Amino acid sequence: MKNLGRIILGVLFLAAIVSFMVTYRVEFYERGVLTTFGRASEDGKAQGPGLHVKWPYPFQSVTKYDTRIQFVETRAETQQTADNKQIIVEAFCLWRVNDPLAFFRRFSNAGDRAEEHFREAETILRDTLRSALSATGRYTLDDLYPAGGGVSKLPELEGSVLAAMTQGEAADGGATPEGVGVGLRAYGIEVVHAGISRVLLPQETSKAVIERMRENRNRLVAEIESAGEAEAQAIKTKAENQAKTIRSFAQRRAREIEALGDIEAAPYIASMSSNPSFAVFLKNLEMLSQILPAKATLVVESRFPGLEMLDPASMSDLEDGELPIDATVDALAGEVAQKDGEAGAEVSDGR
Amino acid sequence: MGDEPMMPLPEEEQGVGGRAASVVLRTGEEGQSPDALLDPAHQSLADALRVTLRFVQLGMVALGVLFLFSGATTVREGESGLRLMFGEIVGDDLEPGFHFSAPYPIGDLIKIETGTRRINEDEAYWPFLTEREKGRKIEELSGGADLDPRNDGALITADGNLVHTQWRIIYRRQPELARQFAENIHPDHEENIVRGAARHGIVRAVSEVTIDELLKETGGGVGSVASRARVIAQDMLDDIRSGIVLEDLVLSQKMPPLFARERFNAVQSAESNAQKAIETARQAASRTLSEAAGGVYEDLRREILNYEEAVAVHAAAQEQGDPAQIEEARRQMDAVLARIDALMESDRAGGEVARLMFEARAYREEEPNRRLADARRFEAMLAQYEANPSVTVQTAWADAWSTFAGRDMVEIIFQPIGAGEIEMLINRDPAIRKRQEEAMKAREVEEAEARRRARQEKAEFKTTTDLIESEG
């Protein structure tokens, strides 16, 4: 009984060692390529995820490839556009191993380990991507950056690059330059995406562009200042016109209102028609007393009515009972008396 | 000890309560053969081996147990789990908690972090800066007249200009698509793939906008460059079934080439100045209109336009000769005019309109009274005049003239009688001038005070409607 336990233990141990030697596990993100004495299996099928059996080394061995998406990019590549302008394009592609057997056959000479195969594949992919970027030559700079507000053809360029890498032909169905991409499927590689990560300008071109930008800004400054002044002036002019309209309308309404007062006052003015000259005389005197000059200098003779008293001679040669009254005043009094007499005559004639 | 076998000790020689001694020294008693002496040694060695074997067996059992339970693990919050059996996925989207799995290499349980991650895209589209320059503000940086494509990064806009930008890429692996991520994305390439997708989106999105649109962009709302770039990048990540979601693509910095920045600032200054000029003009316009009509200018202007339209309608109706239409047009005119009068005489009215209306109303009220007073005076003076014309005229004239000549501002120079033609050099007496100016100022103060009192009296009878409105 004791020996039986030992035997079972030994058998288990032996089974573990043997199973380790004759089985292998492929992860869900891997595919395995089984080789017999270095030769890949003839059925052309890679081993999928799960537990698999093989003859122990050196009869059979397995190379496992990671089939998840990987990233490859090119550094700055100068390209010429259709309008003969130079631009510098940096691009990347995403790829994966989709045919492990073909991949193994193409890259197994790079080394024994899968990592060495991947490294070699990346080199080829980078070269292929660089070559596919020559599709830039089918587009003008204005196609890629439409100044007029159109649709950029950058997506189309990326499509062309991808088509060149995956199908060996352009997106529009034409042949790609140099037939790039023709061999990638044969290498067991699937390019799932190609994209442009940077577009730059050569140093000299960037200098010209920056100078143009500066000039453009100078022009904008002048335009903005001019437009601002014009708009400001328009606002002021409009307001002044509106104010003028309002003011003139208000003046008109004010005159209309004042006219009502004039109409009401008319009978009183008419009542003064019995002696218009006297009415005007009174009004003139009222005006004289109401004048408020800011500054006035009067040069008057001493004979001025009322001021003749300033002349010492005015008090001499006076007869008894005579007053020093100026002749002008006498004359004025005479005129008034004459007018009054005429008026009285008219009144009496009227009667 | 020679070749003599060790013999087991008699029972009486064994310690009580303890195990048998592993080695017993020969005592040299007569009658014991060498084989008998070796048996205890063998026995002791066998015992030792048995004990060791037991330890080894126990250790193996413990290791076996540990091996069986080695697949057990905890999936934490912010993680998603996948259960494998011989490398194949047999369970996905394992929720946080404790999970069992067959031990490796039979089974496995892999955990995928689904928390937010961030990539700073600070150099791809930014001019080359030394370590010292990186610590400075943008305003303090200076650049050459060109860009070296080997070192300086930039983007080209739709209008063919160059612009520098910095971005923050914020993403995470979607928990519900953890299996998709695990199956499709090589973890060593994950960051490059996300960065590539973002750059792909950025280059495309910026190629669709002008430099001014990009520089004026604020935030990452719908329709923004950042939003558009994020959508393009996300489409790419979805196309390759990455299981990654770009939570945000933030345009953190943007500026024109350093050499042109000063000119761009000049544009901003010009825009600012233009806005300032426009704002000043608006203020002046508001002041002009307020001076014209106070707070009612907008309503008044509209009603004046209405009135002009009503007048035109009235004129047209008169041309047609339809009495009904004429009457209707007249009613319209009167209605508009009533509204205009109400506006011009409202409390909100001010400026020249208010003054004109106030003076017109005053004139309307005062003129009849004034004329009435004139008429009364005329009648009274006329009676005096008829009784004594000379005295009445001279007295009235002398009163008026003395009133005029007695004012502070009137300076009188007497010309002696008989002086004939005189020539005067007038050099105004500073003292007189000073007195005159003082008198003038005093009068202005009095007038201003009178106006203030008049306004105050007027205000006392006003009803403050805004308070009523706010309370209501």
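Colleague: How many residue pairs are in polar contact between chain B and chain A?

Modeller: There are 29 such pairs between chain B and chain A, counting those where both residues have pLDDT 80 or more. On the side of chain B that touches chain A, the residues divide into 79 nonpolar, 20 polar and 29 charged. Keep in mind that this is a predicted model.

Colleague: Okay, and how much area do chain B and chain A bury between them?

Modeller: The general idea comes before the number. The size of an interface is often given as the accessible area lost when the parts come together. Here chain B and chain A bury about 11,400 Å² between them, and 68% of that is on carbon and sulfur atoms. Chain B puts 128 residues into the contact, and chain A puts in 118 residues.

Colleague: What about charges? How many salt bridges are there between chain B and chain A?

Modeller: For this you look for a side-chain nitrogen of Lys or Arg within 4 Å of a carboxyl oxygen of Asp or Glu. Between chain B and chain A the count is seven. One to click on is A:E264 with B:R364, where the closest N and O atoms are 2.8 Å apart.

Colleague: And how many salt bridges over all chains?

Modeller: Searching the whole structure gives 56 of them. Take B:D92 and B:R179, a salt bridge with its closest N and O atoms 3.4 Å apart. B:D92 sits in strand β3 of chain B and B:R179 in helix α3 (residues 178-184) of chain B, so this pair ties together parts that are 87 residues apart in sequence.

Colleague: Back to the two chains. Which strands do the bridges join between chain A and chain B, and do they run parallel or antiparallel?

Modeller: Look at strand β10 (residues 296-301) of chain A and strand β10 (residues 410-415) of chain B: six bridges join them, and they run parallel. To find your place, start at A:V300, whose bridge partner in β10(B) is B:F414.

Colleague: Now sheets. What is the strand order in the open sheet of chain B?

Modeller: When you read a sheet, go across it strand by strand and note who pairs with whom. In chain B, an open sheet of three strands has the order β3-β2-β5, with antiparallel pairing. Its edge strands are β3 (88-94) and β5 (107-113), each pairing on one side only. From one strand to the next, the twist averages 20°. Strand β2 (residues 79-85) of chain B is joined to β5(B) by seven bridges, and B:L84 stands opposite B:D108 in β5(B).

Colleague: What order do the strands take in the open sheet of chain A?

Modeller: Chain A has an open sheet of three strands in the order β3-β2-β5, with antiparallel pairing. The edge strands there are β3 (39-40) and β5 (60-66) of chain A. Strand β2 (residues 30-36) of chain A pairs with β3(A) over two bridges, with A:T35 opposite A:A40. Helix α2 (residues 100-107) of chain A packs on that sheet, touching β2, β3 and β5 of chain A, and its direction makes about 60° with that of β2(A).

Colleague: What is phi of A:F37?

Modeller: Backbone angles are worth a look in loops, and A:F37 is in the loop between β2 and β3 of chain A. Its phi is near 50°, a positive value in a residue other than glycine.

Colleague: Last one: where do I look for cis peptide bonds?

Modeller: Check omega. In chain A, a cis peptide bond joins A:Y57 and A:P58, with omega about 10°. A:P58 lies in the loop between β4 (50-53) and β5 of chain A. In chain B, B:Y104 and B:P105 are joined by a cis peptide bond, with omega about 10°. You'll find B:P105 in the loop between β4 (97-99) and β5 of chain B.

Technical notes. Residues are numbered from 1 along each chain as its sequence is written. Chains are lettered from A and ligands numbered from 1 in the order in which they are written. This is a predicted model: local features need pLDDT of at least 70, side-chain atom pairs count only at pLDDT 80 or more; totals for chains, interfaces and linings use all residues. Side-chain values use heavy atoms; hydrogens and water are left out. Two strands pair if DSSP finds at least two bridges between them. Helices (H or I, at least four residues) and strands (E, at least two) are DSSP runs, numbered from the N terminus. Axes are lines fitted to C-alpha atoms, for helices over the stretch in contact, and angles run from 0 to 180 degrees between N-to-C directions. Contact means heavy atoms within 4.5 Å. Buried area is the accessible area (1.4 Å probe) that two parts lose on being put together, summed over both. A polar contact is a pair of N or O atoms within 3.5 Å; within protein, one must be able to donate a hydrogen and the other to accept it, and residues adjacent in sequence count only if both atoms are side-chain atoms. Ala, Val, Leu, Ile, Met, Phe, Trp, Tyr, Cys and Pro count as nonpolar, Asp, Glu, Lys and Arg as charged, and the others, Gly among them, as polar.
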